Amino acid sequence: ENFWSGYLETQRTQAPRLEFVEAVIRVPGYPARRSRYERLLLPWRRGSNQFVSVVSVLRTSFPTVSDV
C-alpha cells in the first residue's frame with residue numbers, strides 16, 4: 001500500500017479507519033529513524049466538501065541499522 005491509500009479508502013467509504021504503520025522517517029540533518037505508529041483516519045463532510053482528518057500516536061522509534 002502507498003501512503004495515500006488509507007486516505008482515499010476513508011474518503012470513499014466515509015467510515016473511520018485505524019492503521020498500524022511502520023515507516024522509515026527521514027528529516028534533513030538528522031539520522032533516519034524506523035518508527036511504528038497508529039493512525040486514525042476520520043472522514044468529514046461539510047456541504048459538498050469532503051476531507052479526512054488524522055490523529056497519529058507514535059508507539060516506537062529507533063535509529064535504522066545503518067545509523068547505529
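The face of α1 turned away from its buried side carries two exposed residues, L8 and R12. L8 lies in helix α1 and has a relative accessibility of 54%. It counts as exposed because the cut-off for that class is over 50%. This is a predicted model, and the mean pLDDT of the chain is 89. In all, 93% of the residues reach 70 or more.

Now turn to the other side of the helix. The buried residues of α1 are G6, Y7 and T10. They share one side of the helix because they cover an arc of only 100 degrees around the axis. What do these buried residues pack against? They meet β1, β2 and β3. The helix itself, residues 5-13, lies across these strands. Its direction makes an angle of about 25 degrees with β2.

L8 also gives a sense of distance. In sequence, L8 and V21 are 13 residues apart. In space, their C-alpha atoms are 16 Å apart.

Next comes the end of the helix. Just after α1, Q14 takes a positive phi. The value is near 55 degrees, and Q14 is a residue other than glycine. Q14 sits in the loop between α1 and β1. Is Q14 buried, exposed or partly exposed? Its relative accessible area is 27%, so Q14 is partly exposed.

The loop leads to the sheet. Strands of a sheet pair through backbone hydrogen bonds, either parallel or antiparallel. Here 3 strands form an open sheet, and the pairing is antiparallel. The order is β1-β2-β3. Which strands lie at the edges? They are β1, residues 17-25, and β3, residues 49-63. Each of these pairs on one side only. From one strand to the next, the twist averages 25 degrees.

Follow β2 into its pairing with β3. Strand β2 spans residues 33-46. How many bridges join β2 to β3? There are 14, and the two strands run antiparallel. One position to find on screen is L41, which stands opposite V54 in β3. Confidence can be compared by element as well. Among the elements of the chain, β2 has the highest mean pLDDT, at 94. The lowest belongs to β3, at 91.

Finally, look at E19 in strand β1. Is this glutamate buried or exposed? With a relative accessible area of 10%, E19 is buried, because that class covers values under 20%. Its side chain has polar partners. One polar contact, of 2.8 Å, links the side chains of E19 and R17. Another, of 2.6 Å, joins the side chain of E19 to that of R39.

Which residues does E19 touch beyond its neighbours within four places in sequence? They are G6, Y37, E38, R39 and L41. Several threads meet in this list. G6 is one of the buried residues of α1. R39 is the polar partner at 2.6 Å. L41 is the residue that stands opposite V54. From E19, then, the reader can trace a path back to the helix through G6, whose fellow buried residues in α1 are Y7 and T10.

Conventions. Residues are numbered from 1 along each chain as its sequence is written. This is a predicted model: local features need pLDDT of at least 70, side-chain atom pairs count only at pLDDT 80 or more; totals for chains, interfaces and linings use all residues. Side-chain values use heavy atoms; hydrogens and water are left out. Two strands pair if DSSP finds at least two bridges between them. Helices (H or I, at least four residues) and strands (E, at least two) are DSSP runs, numbered from the N terminus. Axes are lines fitted to C-alpha atoms, for helices over the stretch in contact, and angles run from 0 to 180 degrees between N-to-C directions. Contact means heavy atoms within 4.5 Å. Buried means under 20% relative accessible area, exposed over 50%, partly exposed in between (1.4 Å probe, protein chains only). The arc is that of the directions from the helix axis to the C-beta atoms. pLDDT is the predictor's confidence in each residue, from 0 to 100. A polar contact is a pair of N or O atoms within 3.5 Å; within protein, one must be able to donate a hydrogen and the other to accept it, and residues adjacent in sequence count only if both atoms are side-chain atoms.
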